[in-house]
Amino acid sequence: MPTTQRDDIKSRLPDLTDQFPELAKLSAAVLNATRNGSVPQSTLGLVRLRAGQIVGSTYHALRATENVRRAGESEERIIAVATWQDAPYFTDAERVALELVEAVLTPNSFGERVSDELFARAAAHYDDQALWTLTMAIGHFCLFVPVALIGKPIPGRPPGKNYSK
């Protein structure tokens with residue numbers, strides 16, 4: 001299927017690493033910390049994809065899709081992340097990780113976003129290190145939510161080439 005690339009899409013801000021070069025080191029350090037083996041990288045990739053969908057960031061959703069596809073995820077699993085609740089493609093551990101990122105990123109007017117019950121289900125699948133890894137992976141993503149929503153990096157372009165200003 002051919003992809004149409006629009007040349008008229010512009011970012012709102014210049015590349016933030018030009019303004020804050022130390023941010024690249026911080027980001028790399030947090031990302032490397034999440035590669036400790038306690039949570040499969042495939043799960044973290046699916047969590048990032050779901051997070052990009054939830055916050056409505058085409059940039060993040062495309063980038064996460066490219067990353068999970070490059071890592072070998074099937075098209076069925078990639079597509080089904082948006083509707084993971086009734087999709088047959090995910091393990092129970094992956095489901096609770098996807099539920100956890102949804103809870104963190106979705107407002108809940110009825111109480112805590114991450115309930116004790118959700119935490120208990122997550123803890124049944126992940127030990128303390130893995131729970132911290134999931135937490136840090138979600139936090140790492142959240143660091144860049146305002147960057148995507150305010151600065152609007154250009155979707156489909158690699159970091160460093162995704163700003164036009």
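## Ala137 and its surroundings

Setting aside residues within four places of it in sequence, Ala137 is in contact with Thr34, Leu44 and Arg48. The model that shows these contacts is a predicted one. Ala137 belongs to helix H8, which covers residues 128-143. With a relative accessible area of 3%, Ala137 is buried, because the term applies to residues under 20%.

Ala137 may also be compared with a position elsewhere in the chain. Val101 stands 36 residues from Ala137 in sequence, and the C-alpha atoms of the two are 9.6 Å apart in space.

## Helix H3

Two of the contact partners of Ala137, Leu44 and Arg48, are listed among the buried residues of helix H3. This helix consists of 15 residues, 41-55. From its first C-alpha to its last, H3 reaches 21 Å, close to the 21 Å expected at 1.5 Å a residue. After H3 comes Gly56, which has a positive phi near 75 degrees.

The buried residues of H3 are Thr43, Leu44, Gly45, Leu46, Val47, Arg48, Leu49, Arg50, Ala51 and Gly52. Which elements cover them? The cover includes helices H2 (22-33), H4 (58-70), H5, H6 (92-105) and H8.

## Arg77 in helix H5

Helix H5 spans residues 75-80 and contains Arg77. Is Arg77 buried or exposed? Its relative accessibility is 13%, so Arg77 counts as buried. Apart from neighbours within four places in sequence, Arg77 is in contact with Leu46, Tyr89, Phe90 and Glu94. Of these partners, Leu46 is one of the buried residues of H3.

## A nonpolar patch on the surface

Leu13, Leu149 and Ile150 form a nonpolar patch on the surface, and together they have about 260 Å² of accessible area. Leu149 is part of helix H9, residues 145-151. Leu149 counts as partly exposed because its relative accessibility is 38%.

## The protein as a whole

The protein has nine helices and zero strands. Of its 165 residues, 38% count as buried. The accessible surface comes to about 9800 Å², and carbon and sulfur atoms make up 57% of that area.

Along its principal axes, the C-alpha trace spans about 45 × 40 × 35 Å. The radius of gyration is 16 Å, which agrees with the value near 15 Å for a compact globule of 165 residues. Among contacts with a separation of 6 or more, 65% are between residues 24 or more positions apart.

Notes. Residues are numbered from 1 along each chain as its sequence is written. This is a predicted model: local features need pLDDT of at least 70, side-chain atom pairs count only at pLDDT 80 or more; totals for chains, interfaces and linings use all residues. Side-chain values use heavy atoms; hydrogens and water are left out. Patches are made of residues with over 30% relative accessible area and no salt bridge: like charges are joined within 9 Å, nonpolar side chains (Val, Leu, Ile, Met, Phe, Trp, Tyr) within 5 Å. Accessible areas come from the Shrake-Rupley method with a 1.4 Å probe; for residues, only the protein chains shown count as cover. A salt bridge is a side-chain nitrogen of Lys or Arg within 4 Å of a carboxyl oxygen of Asp or Glu. Helices (H or I, at least four residues) and strands (E, at least two) are DSSP runs, numbered from the N terminus. Buried means under 20% relative accessible area, exposed over 50%, partly exposed in between (1.4 Å probe, protein chains only). Contact means heavy atoms within 4.5 Å. The expected span of a helix is 1.5 Å times one less than its number of residues. The radius of gyration is taken over C-alpha atoms; the globule rule is 2.2 Å times the number of residues to the power 0.38.
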